[in-house]
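Visitor: I would like a close look at a single part of this model. Please choose one position, describe its surroundings, and then follow the connections outward.

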Amino acid sequence: QVDLVESGGGSVQAGGSLRLSCAATGYTYNRNCMAWFRQGPGAVREGVATIYIGPLYIGADTTYYADSVKGRFTISEDNDKNTVYLQMYGLKPEDTAMYYCAADSRSICSNSEGDYAYWGQGTQVTVSS
């Protein structure tokens, strides 16, 4: 069992920045893939960024970003703290959503929510124009 707790959400104006954190506790060895998803008002949950933090192998893709956030968001991991971050710059009103952290033990990370076994409760990000 892996427990995930997100933090760092808030309200910012367009162009601002936020850093989301996802702290993992429990059986943290069972989380090769970490991801951030978001769900805006009336929208489906979408994968924003993923990071592979398991044992490296040839051909492993370590990070993935949705086209809508490329160049603005960065996902990273602090192994010592069992924490994954999502640094967000140049925020836009369309980034407004509940952001969720997810984890799974698979070796190839996916941006599909059905492929993640563990989820946090979410942290709200609101961007005003």
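Guide: Buried means under 20% relative accessible area, exposed means over 50%, and partly exposed lies in between (1.4 Å probe, protein chains only). By that standard aspartate 95 is buried, because its relative accessible area is 0%. The model is a predicted one, in which local features need pLDDT of at least 70 and side-chain atom pairs count only at pLDDT 80 or more, whereas totals for chains, interfaces and linings use all residues. Residues are numbered from 1 along each chain as its sequence is written, and side-chain values use heavy atoms, with hydrogens and water left out.

Aspartate 95 is located in the loop that connects S8 and S9; strands are DSSP runs (E, at least two residues) numbered from the N terminus. If residues up to four places away in sequence are not counted, aspartate 95 touches Arg38, Arg72, Phe73, Gly90, Val125 and Val127, where contact means heavy atoms within 4.5 Å. Two arginines therefore stand among the neighbours of this buried aspartate, whose relative accessible area is 0%.

Both of these arginines form salt bridges with it (a side-chain nitrogen of Lys or Arg within 4 Å of a carboxyl oxygen of Asp or Glu). In the pair of arginine 38 and aspartate 95, the closest N and O atoms are 2.8 Å apart. This salt bridge joins distant parts of the chain, since arginine 38 belongs to strand S4 and aspartate 95 to the loop between S8 and S9, 57 residues away. Arginine 38 also counts as buried, because its relative accessible area is 5%.

Arginine 72 is the other partner, and here too the closest N and O atoms are 2.8 Å apart. This pair likewise links distant parts of the chain: arginine 72 sits in the loop between strand S6 (63-65) and S7, and 23 residues separate it from aspartate 95. Arginine 72 and aspartate 95 are both buried. The two pairs belong to a wider arrangement, for Arg38, Glu46, Arg72 and Asp95 are linked in a network of salt bridges.

Seven salt bridges are found in a search of the whole structure. Another of them brings together the side chains of aspartate 115 and arginine 106, at 3.6 Å from N to O. Aspartate 115 is partly exposed, because its relative accessible area is 24%. Arginine 106 is partly exposed as well, with a value of 31%. Aspartate 95, by contrast, is buried at 0%.

From arginine 72 and Phe73, the picture leads on to methionine 88. Leaving aside neighbours within four places in sequence, methionine 88 is in contact with Gly16, Ser17, Leu18, Leu20, Arg72, Phe73, Tyr99 and Val125. Arg72, Phe73 and Val125 thus appear in the contact lists of both aspartate 95 and methionine 88.

Methionine 88 is also a member of the largest nonpolar core, which has 28 residues; Leu4, Trp36, Leu86, Met88 and Tyr99 touch the most other members. Such a core is a set of buried Ala, Val, Leu, Ile, Met, Phe, Trp, Tyr and Cys residues joined through side-chain atoms within 4.5 Å. At least two of its residues come from each of S1, strand S3 (18-26), strand S4 (33-39), strand S5 (46-52), S7, S8, strand S9 (97-104) and strand S11 (123-128). A second core, separate from this one, has six residues, including Ala35, Phe37, Tyr52 and Ala102.

One contact of methionine 88, serine 17, lies in the loop between strand S2 (10-13) and S3. Serine 17 is partly exposed, because its relative accessible area is 38%. Outside four places in sequence, its contacts are Val12, Gln87, Met88, Tyr89 and Leu91. Serine 17 and leucine 91 are 74 residues apart in sequence, yet their C-alpha atoms are 6.1 Å apart in space.

S8, which precedes the loop of aspartate 95, takes part in an open antiparallel sheet of four strands, ordered S1-S3-S8-S7. The edges are strand S1 (2-7) and strand S7 (73-78), each of which pairs on one side only; two strands pair if DSSP finds at least two bridges between them. Six bridges join S7 to strand S8 (residues 83-88) in antiparallel fashion, and glutamate 77 has valine 84 in S8 as its bridge partner. The loop between S7 and S8 contains asparagine 82, which has a positive phi of about 50 degrees although it is not a glycine. Asparagine 82 counts as partly exposed, because its relative accessibility is 24%.
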